[in-house]
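Biologist: I am new to this structure and would like to learn how to read its features one at a time. Could we begin with the idea of a contact and go on from there?

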Amino acid sequence: MTRRWSIATKLFALQFVVILLLAAAAVGLSWADARADVERDTAARSLAVAETLGQDPFVVAAVDGLGAAPSPAARAAATAALQPYAVDVMAATKTDFITIMTPDRIRLTHRDPDQIGLEFLGTIDRALAGDSFTETYTGTLGPSVRAVVPIQDASG
């Protein structure tokens, strides 16, 4: 013998399901909004660190004269100067990574020293045109919010 639900039980079940769906939607929207806030804050913080480094006289001097396709010896000299500095800045700013590269995408610094001298993965065209920007990209260290800025001397 099958017992049938009363109208009151059916209405209660319907209300319960609707409340669960509304709560799930509210949690999903709150999570998405919080994630967007974190990404915006991270992008702004990354951009501030990157712009500071891009204007730092030490960094500008270290990359000054490298040109579009520097020699391996010139890249090695720039790396020797910049890598310890980048490590110190990462620690001081609690930044996951700082990659300084040549215009031909070759890394001069990286959190993983094995990546130094290899090609940067990501977008740099806007930085080569003189613009600073942020992007979310999956690179050698996994997904990240990154800022890319040009390093320019007084002559541009």
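Modeller: Contact here means heavy atoms within 4.5 Å. With that in hand, and remembering that this is a predicted model, we can take one residue as an example: leaving aside its neighbours within four places in sequence, Ile100 is in contact with Val59, Val63, Leu82, Ile106, Arg107, Leu108, Thr109 and Ile151.

Biologist: Which residues of the largest nonpolar core touch the most other members?

Modeller: The general idea is that in soluble globular proteins nonpolar side chains tend to be buried together. In this model the largest nonpolar core has 15 residues, and those touching the most other members are Leu53, Val63, Leu82, Ile98, Ile100 and Leu108. The elements giving two or more residues to this core are α1 (7–55), α2 (57–63) and α3 (72–93), and the largest share, five residues, comes from α3. There is also a second, separate core of six residues, which includes Phe120, Ala127, Phe133 and Val148.

Biologist: What pattern does the protein follow when it is read along the sequence?

Modeller: The secondary structure comes to four helices and two strands, and along the sequence these follow the pattern α-α-α-α-β-β.

Biologist: How does the radius of gyration help me to read the overall form, and what is the value for the protein?

Modeller: One sets the value beside that of a compact globule with the same number of residues: for 156 residues such a globule would have a radius of gyration near 15 Å, whereas the protein has 25 Å. The C-alpha trace can be read alongside this, as it spans about 90 × 30 × 30 Å along the principal axes. As for the surface, 31% of the 156 residues count as buried, and the protein exposes about 10,100 Å², of which carbon and sulfur atoms supply 62%.

Biologist: How far apart are the mean positions of the positive and negative charges?

Modeller: They are 18 Å apart, taking the 13 positive and 17 negative charges of the protein.

Biologist: Which residues should I look at for an unusual backbone angle?

Modeller: Most residues other than glycine have a negative phi. Against that background, Lys94 has a positive phi of about 55° although it is not a glycine, and Arg105 likewise has a positive phi, of about 75°. Lys94 is found in the loop between α3 and α4, as is Arg105.

Biologist: Is Lys94 buried or exposed?

Modeller: The cut-off for exposed is over 50% relative accessible area, so Lys94, at 67% relative accessibility, counts as exposed. Asp125, which lies in helix α4 (residues 125–128), is also exposed, because its relative accessible area is 56%.

Biologist: What can Val149 teach me about residues that are far apart in sequence?

Modeller: Separation in sequence and distance in space are read independently, and Val149 gives a case of each. Val149 is found in the segment after β2 (142–148), and its relative accessibility of 17% is why it counts as buried. Val149 and Thr52 are 97 residues apart in sequence and 9.5 Å apart in space, C-alpha to C-alpha. Leaving aside neighbours within four places in sequence, Val149 is in contact with Leu47, Ala50, Glu51, Gly54, Ala127 and Ser132. For the protein as a whole, residues 24 or more positions apart account for 46% of the contacts with a separation of 6 or more.

Definitions and conventions
Residues numbered from 1 in each chain as written. Predicted model: local features only at pLDDT ≥ 70, side-chain atom pairs only at ≥ 80, totals over all residues. Heavy atoms only, no water. Rg over C-alpha atoms; globule rule 2.2 N^0.38 Å. Buried < 20%, exposed > 50% of the residue type's maximum accessible area, 1.4 Å probe, protein only. Areas by Shrake-Rupley, 256 points an atom, 1.4 Å probe, with all protein chains shown as cover. Lys, Arg positive; Asp, Glu negative; His and termini not counted. Charge placed at Lys NZ, Arg CZ, Asp CG, Glu CD. Core = buried A, V, L, I, M, F, W, Y, C linked by side-chain atoms within 4.5 Å.
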